[in-house]
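Reader: I'd like to learn how to read a helix and a pocket from a model. Could you walk me through it?

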Amino acid sequence: MNIRPKLFFFDVDGTLLDAYGQYSKTLKPHIMRLKETGCKFAIASGRPAIAAQFLFDELEINDAGCFCSGAEVFDPQKGKQLYSKPLESRTLSKLYKKIKKHDIYYEWYSDNEYGTDIAKTDDAYAITEVHSDHLRVLPQNASLADVLDRECVITKLLLGVNKQQFPRLLQELAQEFSECEFAFAGFLAKPNWLFASVISNKASKKNAFEFLLNYHGVKQSDVVAFGDSHSDEVFLKLAGLGVAMGNATENVKKCANMTTASSNAKGVEKVLSLF
């Protein structure tokens, strides 16, 4: 490896965490070894910062990072949001009408909570249960309409459909709502479903990446980024070394400099051991 990294960015689900939402017990020693050399470790994920708190605490991946797919930049050590690009309330109201019309699974995210009002039946119940376990945060039982009424600032929506029943629905919404960025991803625990993270098109992972380079005082060539889904492609392309997980799609792998083993097979540790 020619790169001498100073900053590591990690996606969470499908990267740090396996299909069961767990990280390997052998991961932290690698992180601590590299921290002793001055390396920084940060999250770059579709999750809100509140759903990465266990990683800040348990793995000490606690340098300023990118959350809600680029809509938020947060410094865990200072407990401070560095910037936020929320969705507009008008857009959210229009999206909510589509969600209710097609009975789309959804979750809303603010800077310090998330929630859903989907009926707890069948797949919807299972997704809510599994996803909250993975996030390590319980959802608020409140509809998007409710939180808009109390003028809560929403930075991201997560939409989900059974792709066998609705193979093009999310893509059609992406075309209709040009004021939003849709990033598509699977969920290892629900392979028959397709999900989309929806953020404002004023939010940008590229801008978040550049902001964080300046904030941490590092160069692009000093960065290693790991990811497995569409929303990770920007960081993989911009990093000095972009690493795709073995469980990533072929398109994601094409964006990376290298591919490691899957999240179920300690893919992150295999790369960290090279430094």
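Reader: Let's start with the helix. Which residues of α3 are buried?

Author: Happy to help, and please keep in mind that this is a predicted model. The buried residues of α3 are Thr91, Leu92, Leu95, Tyr96 and Ile99.

Reader: Why are they on the same side of α3?

Author: Start with the general idea: an α-helix has 3.6 residues a turn, so residues three or four places apart point the same way. Now the case here: the buried residues Thr91, Leu92, Leu95, Tyr96 and Ile99 cover an arc of only 135° around the axis, which puts them on the same side of α3. On the other side, Arg90, Lys97 and Lys101 are exposed.

Reader: What covers the buried residues of α3?

Author: The cover includes two strands that will come back shortly, β10 (180-185) and β11 (193-200), as well as β6 (105-109), α5 (144-149) and β9 (156-162).

Reader: How far does α3 reach, and what follows it?

Author: Helix α3 spans residues 89-102, and its 14 residues reach 20 Å from first C-alpha to last, close to the 20 Å expected at 1.5 Å a residue. Next comes aspartate 103, with a positive phi near 55°.

Reader: On to the pocket. What volume does the largest pocket have, and which residues are closest to its centre?

Author: Its volume is about 700 Å³. Of the 35 lining residues, Ala185, Gly186, Phe187, Asp228 and Ser229 are the closest to the centre.

Reader: Which elements supply the lining of the largest pocket?

Author: At least two residues each come from α4 (122-135), β9, β10, β11 and α9 (250-255). Helix α4 gives the most, with 4 residues. By type, the lining divides into 14 nonpolar, 14 polar and 7 charged residues.

Key: Residues numbered from 1 in each chain as written. Predicted model: local features only at pLDDT ≥ 70, side-chain atom pairs only at ≥ 80, totals over all residues. Heavy atoms only, no water. Expected span 1.5 Å × (residues − 1). Buried < 20%, exposed > 50% of the residue type's maximum accessible area, 1.4 Å probe, protein only. Arc of directions from axis to C-beta. Contact = heavy atoms within 4.5 Å. 1 Å grid on protein atoms, 1.4 Å probe; cavity = no way out; pocket = protein on both sides within 12 Å on 5 of 7 lines; lining within 4 Å. Points joined across faces, edges and corners; volume = space filled by probe spheres on them. Nonpolar A, V, L, I, M, F, W, Y, C, P; charged D, E, K, R; others polar.
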